[in-house]
Amino acid sequence: MELDFFYMTMEFVLLGLANSRHMEITFFLFLVIAYVLILLGNISVISITLMNNFLQTPMYYFLRNFALLEITFTSTFLPSTLYSLLTERKTISLPGCFLQMLFFYCLGTCTLFHMAVMSLDRYVAICHPLHYTAIMNSRFCLQLILSCWALSFFLMFPPTIMTVQLPFCGPNVMNHFYCDASLLLQLSCTDTGFIEELMFIILIIILPGTLTVTAVSYGCIIVTVLHIPSSAGRRKAFSTCSAHLIVVTVFYSTCIYRYIRPAQRGGQDSDKILSLFFSVLTQTLNPYIYSLRNRQVKQALKERILKFSGSLRQM
């Protein structure tokens, strides 16, 4: 009897972001705008940094890979969330839920590693400019990027596979807009203590670990910037660093509070708002904070627009 009931649980219900149709439409419009901005911003970064020879430096190499990661990360859940808000269809299949969870956590972890690598790159560029090209050579940059992806899947794949093998024979409703691991474990009809402890340990390693690298790197950068003799140079450097730090602070604070706060079990409406901050809001801001505010990128974008406008006039 229990086995038959287990096979009946072949889909989950995601309650989504709102309880009323009016709020669902509001969230739909907000997320559509955010997704369009994410796609346009990151595709622009990738295109501009690929087409301009003077942007073929380690910094833009990392930004280009980060932009690609941003697109793939948000695409794991935003299209399905938008579809759910538009059609009011709130179910997701068992395989679809597991795939979404796997890619969400693997790509989210990869985002943390990328942010740490980019902060390390800026530290070397600003604090050790004479050794920058020697340290950040093309081979080392490729190794860093591959390490980010490999470590992310190495750390997040085992607990995800363990979760896939769990029996689900109880309620199938999650108060979230994507398949959240902590909520999914609560729906299992067997003991999940080991998986929860394993995921907690992994998150303790990833979040404070990457945050430490990022914080120390920016701390050293700020110390170096304070020794810049030009006040204009200091203001420009602090403007860039402050923008980066705001994004980093929002991303890490919401992630840490959501996933490694004491006695966290998930399922509250506040968890969905926190998830929106680190999975949508920061992703919307990242291409504009990290790349499109950059003077060289703006110059390259302006040249491309002028060139495109000239081509249209000739037609």
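Cys 148 is buried (under 20% relative accessible area with a 1.4 Å probe, protein chains only; over 50% is exposed and in between is partly exposed), at a relative accessible area of 4%. Its sulfur lies 5.5 Å from the closest cysteine sulfur, that of Cys 110, too far for a bond. Cys 141 is likewise buried, with 3% relative accessibility. The model is predicted, so local features need pLDDT of at least 70 and side-chain atom pairs pLDDT 80 or more, while totals for chains, interfaces and linings use all residues. Residues are numbered from 1 along each chain as its sequence is written, and side-chain values use heavy atoms, without hydrogens and water.

Where, then, is a disulfide found? One is present in the whole structure, joining Cys 97 to Cys 179 with an S to S distance of 2.1 Å; a disulfide is a pair of cysteine sulfur atoms within 2.5 Å. The link is left-handed, at -130° about the S-S bond. Cys 97 sits in helix H5 (residues 94–127) and Cys 179 in the loop between strand E3 (173–174) and helix H8 (181–186), 82 residues apart. Cys 97 is buried at 0% relative accessible area, and Cys 179 is buried at 0% too. Helices (H or I, at least four residues) and strands (E, at least two) are DSSP runs numbered from the N terminus.

Turning to helix packing, H7 (residues 138–164) and H9 (residues 193–226) have axes 10 Å apart at an angle of about 165°, and are therefore roughly antiparallel (over 145 degrees; under 35 is roughly parallel, 65 to 115 roughly perpendicular and the rest oblique).

Methods:
Axes fitted to C-alpha atoms, helices over the stretch in contact; angles between N-to-C directions.
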